[in-house]
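Visitor: I would like a close look at a single part of this protein, with its surroundings explained as we go. Could you walk me through it once the structure is in view?

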Amino acid sequence: MAFQKAVKGTALIGGGAIATVFGLSQFSQYRNKHGTFVNVQAAEAVPVPMKSHLPTREQQISALQTTSEFDVLVIGGGATGCGCALDAVTRGLKTALLERDDFSSGTSSRSTKLIHGGVRYLQKAIMKLDFEQYKMVKEALEERANLLEIAPHLSSPLPIMLPVYKWWQLPYYWFGIKLYDLVAGSQCLKSSYVLSKSRALEHFPMLRKDELVGAIVYYDGQHNDARMNLAIALTAARYGAATANYTEVLSLLKTTDPASGKERVCGVRCRDVLTGQEFDVKAKCVINATGPFTDSVRKMDDQEVPNICQPSAGVHIVMPGYYSPDHMGLLDPATSDGRVIFFLPWEKMTIAGTTDSPTDVTSHPIPTEEDINFILNEVRNYLSADVEVRRGDVLAAWSGIRPLVTDPNSKDTQSICRNHVVAISNSGLVTIAGGKWTTYRAMAKDAIDAAVEAHNLKAGSSKTLGLQLQGAEDWSPTLYIRLVQDYGLESEVAQHLASTYGDKAFEVAKIAQVTGKRWPIVGKRLVSEFPYIEAEVVYGVKEYARTAVDMISRRTRLAFLNVQAAEEALPRIVDIMGKELNWSEQKKKDELEAAKKFLYYEMGYKVKSDQLRDSSEISLAPSDIERYKKRFRMFDKDKKGFITILDVQRVLESISVQIAENTLHDILNEVDLNKNGQVELNEFLQLMSAIQKGYVSGSRLAVLMKTAEENLHRRVGIPVDRSGGGL
């Protein structure tokens, strides 16, 4: 207690006045506003009823083709675009939304998974007396509270620890974090607090002990970003918006205004990517909400318009859950390049990121080895020396493109706007760009407000503040217990379904297959170590999933959690989707290959092969080489210089162990660099060398061969479950 009082006293001496100016002046306003949206039933204010059933994609395409004219047509199915569609349709406007890929296929599914106000922006606001940055934090904190309220099944508060290694930093950081609480006012999730060194290590035992002074813990929100994005899209669809993924905008339609003689945007020419059919969609107002692709749509309107988007790549990595506590994140406030790094528990794994580097706009961003190693090095700086941070423990990696923008309405066109920008072209195209995930609703509101005014649309004010998203209405923290009791689902699976689908989890449980076991009664898993079940694939098709990539990356999050597990689940996913969507055998093969290519390049699987190839110089001690050769020869009885599935099966049969042939094929394929169906001695030695260096971990072949060697004479069973499965 004395420790905390000393810190608080030091901070208050220098910070009281600023805290009063920036925080207390807003407190009553925040409290009143918060009370309003909590107590008012937002759904009752919406002028259109919500449909009991979600329209099919075919029905949505038909609505796009047969509606003579929409009031609002949104281009882009990310968080902001779907937010615009929901805002417009709940005002009573006839609304359409087109997305050329899948909902949340871009930046919105590749975030840090935080719902936050931006601690670093508040620091800059104070240090530089920048009121605009302060307003941005203020708005984000309002939106953070709203998002946690409207989708409690998908989001929750998360404590984040800021470790302190210098005494003078303790009051400095404490003041900044307390100010963050104060600006949030009554919407503060939970008050921040100071921890002594010993208490900090109790909460985060992996933390580096050397020179640790103490820590400060504050609260922000965390969510399942892709699922949140989809919930916004599905809610808009159920309120009547004609939303269609895999519908690409080819060009803007224009007409001449008879009154002014000016050309005005009046719709789009688009193409159903799945069928190739082209058609026109007319609208009074077209909104460009395409994130990193903002400029490409603006140039459809005017080829001469200057670019306003300055894309920045942010790479994240996923590591095993044992790298962080289950319910405590970590913030590195001062990395070697000045960027903030988060180290957070997510979906029982650990997510670390993000980097910040200029990039070209692309639909398929690829994480680089340089960025992955930068994050790993920053993580090593904060974790105990007892924890070996291995390159091979990276289970997945991805890159997202953050669409920073310059304000086209500003005289200083060189300055990057950290907030969002709404711009209206001479032909009436409304562009909403910039901002961040947390403020998607406010961005959408501003865009629709601008559209209503510029195009004289008949609509009232925004109705989305406090409007619950699909799945939230009848959700409760104990809903999963009913799933266990009513359907016989595993507790882990039930918790996953409840936290993913909310009150719609019962619809998934109803179509879950009987396992044939005593327990669980229903719910066949796609892979053993993750709670995703086969019924989710069937349900995902109802939620507009149309490719295997949709299923492994956005309807489930397998690709973002463990790419090897995602690849293992792919054949079954493709079979189920093929049955639901009437795919031909060739279509199923194409989908399987496309999904593997996605995992290989965009989710970091390529790194695995690269790590083995890059370690082609075998750096093993002579004694280790002889030991590994002996192990290899135990399988290569015929002295061929390579081992095949038959060789492995023979050894396993000798110790009474049976493994399915397709599983053995996958195990060998992991280290078969030249893909010739056999593992050569040199490949095996490269693998063992890479494991020793920490480049590769959890190789099933290495574990299998080692265990077989140890148990050959004892004739006991061999555990062959994936051990980490790292890249």
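Visitor: Is helix 16 (residues 535-542) mostly covered or mostly open, and how many of its eight residues are buried?

Guide: Happy to take you there, and please keep in mind that this is a predicted model. Helix 16 is mostly covered, with six of its eight residues buried. Those six are Ala535, Glu536, Val537, Tyr539, Gly540 and Val541. Among the elements that cover them are helix 14 (491-501) and helix 15 (505-510), together with helix 17 (548-555) and helix 19 (563-581).

Let us step off the end of the helix. Tyrosine 544, which follows helix 16, has a positive phi near 75 degrees. Glutamate 543 sits in the loop between helix 16 and helix 17. Its side chain meets that of arginine 227 in a salt bridge, at 2.7 Å from N to O. Arginine 227 belongs to helix 9 (residues 225-238), so this pair ties together parts that are 316 residues apart in sequence. Both arginine 227 and glutamate 543 are buried. As a general point, side chains of opposite charge can pair when their charged atoms come close.

Now turn to helix 15, one of the elements that cover helix 16. Lysine 504 and glutamate 507 form a salt bridge, and their closest N and O atoms are 3.9 Å apart. That distance still qualifies because the cut-off for a salt bridge is a side-chain nitrogen within 4 Å of a carboxyl oxygen. Lysine 504 counts as buried because its relative accessibility is 15%, whereas glutamate 507, at 34%, counts as partly exposed.

Helix 15 also contributes phenylalanine 506 to a ring pair, so a word on aromatics fits here. The whole structure has 14 aromatic pairs. In one of them, tryptophan 437 and tyrosine 440 meet edge-to-face, 5.7 Å centre to centre and with 75 degrees between the planes. Tryptophan 437 is buried, at a relative accessible area of 11%, and tyrosine 440 is buried too, at 3%. Another pair joins tyrosine 487 and phenylalanine 506; this one is tilted, with 6.4 Å centre to centre and 50 degrees between the planes. Here the chain brings distant parts together: tyrosine 487 is in helix 13 (residues 479-487) and phenylalanine 506 is in helix 15, 19 residues apart. Tyrosine 487 counts as partly exposed because its relative accessibility is 23%, while phenylalanine 506 counts as buried at 12%.

For context, look at another salt bridge. The structure holds 37 of them. In one, the side chains of aspartate 449 and arginine 91 meet at 2.8 Å, N to O. Aspartate 449 lies in helix 12 (residues 440-454) and arginine 91 in the loop between helix 4 (79-89) and strand 2 (95-98), so to speak of distant parts is fair: they are 358 residues apart. Arginine 91 counts as buried at 5% relative accessibility, whereas aspartate 449 is partly exposed at 28%. These two residues also belong to a network of salt bridges that links Asp87, Arg91, Lys445 and Asp449.

A surface site makes a useful contrast with the covered helix. Met127, Trp168 and Tyr172 form a nonpolar patch on the surface, and together they have about 380 Å² of accessible area. Tryptophan 168 is located in the loop between strand 4 (155-164) and helix 7 (169-184). Because its relative accessibility is 57%, tryptophan 168 counts as exposed. Trp168 and Tyr172 are also joined with Tyr173 in one aromatic cluster.

Finally, here is the wider frame around helix 16. The protein chain has 26 helices and 21 strands. Two of the strands, strand 8 (residues 247-256) and strand 9 (residues 263-272), pair in the antiparallel sense over nine bridges. Leucine 253 has glycine 267 in strand 9 as its bridge partner. Six residues lie between the strands of this hairpin, where glycine 261 takes a positive phi near 80 degrees. Across the 727 residues of the chain, 57% are buried. Of the contacts between residues at least 6 apart in sequence, 73% join residues at least 24 apart. The accessible surface of the chain comes to about 30,200 Å², with 50% of that belonging to carbon and sulfur atoms.

Note on methods: Residues numbered from 1 in each chain as written. Predicted model: local features only at pLDDT ≥ 70, side-chain atom pairs only at ≥ 80, totals over all residues. Heavy atoms only, no water. Patch = residues over 30% accessible without salt bridge, like charges linked within 9 Å, V, L, I, M, F, W, Y side chains within 5 Å. Areas by Shrake-Rupley, 256 points an atom, 1.4 Å probe, with all protein chains shown as cover. Helix = DSSP H or I, 4+ residues; strand = E, 2+ residues; numbered from the N terminus. Buried < 20%, exposed > 50% of the residue type's maximum accessible area, 1.4 Å probe, protein only. Contact = heavy atoms within 4.5 Å. Pairing = 2+ DSSP bridges. Phe/Tyr/Trp six-rings, centres within 6.5 Å; stacked < 30°, edge-to-face > 60°.
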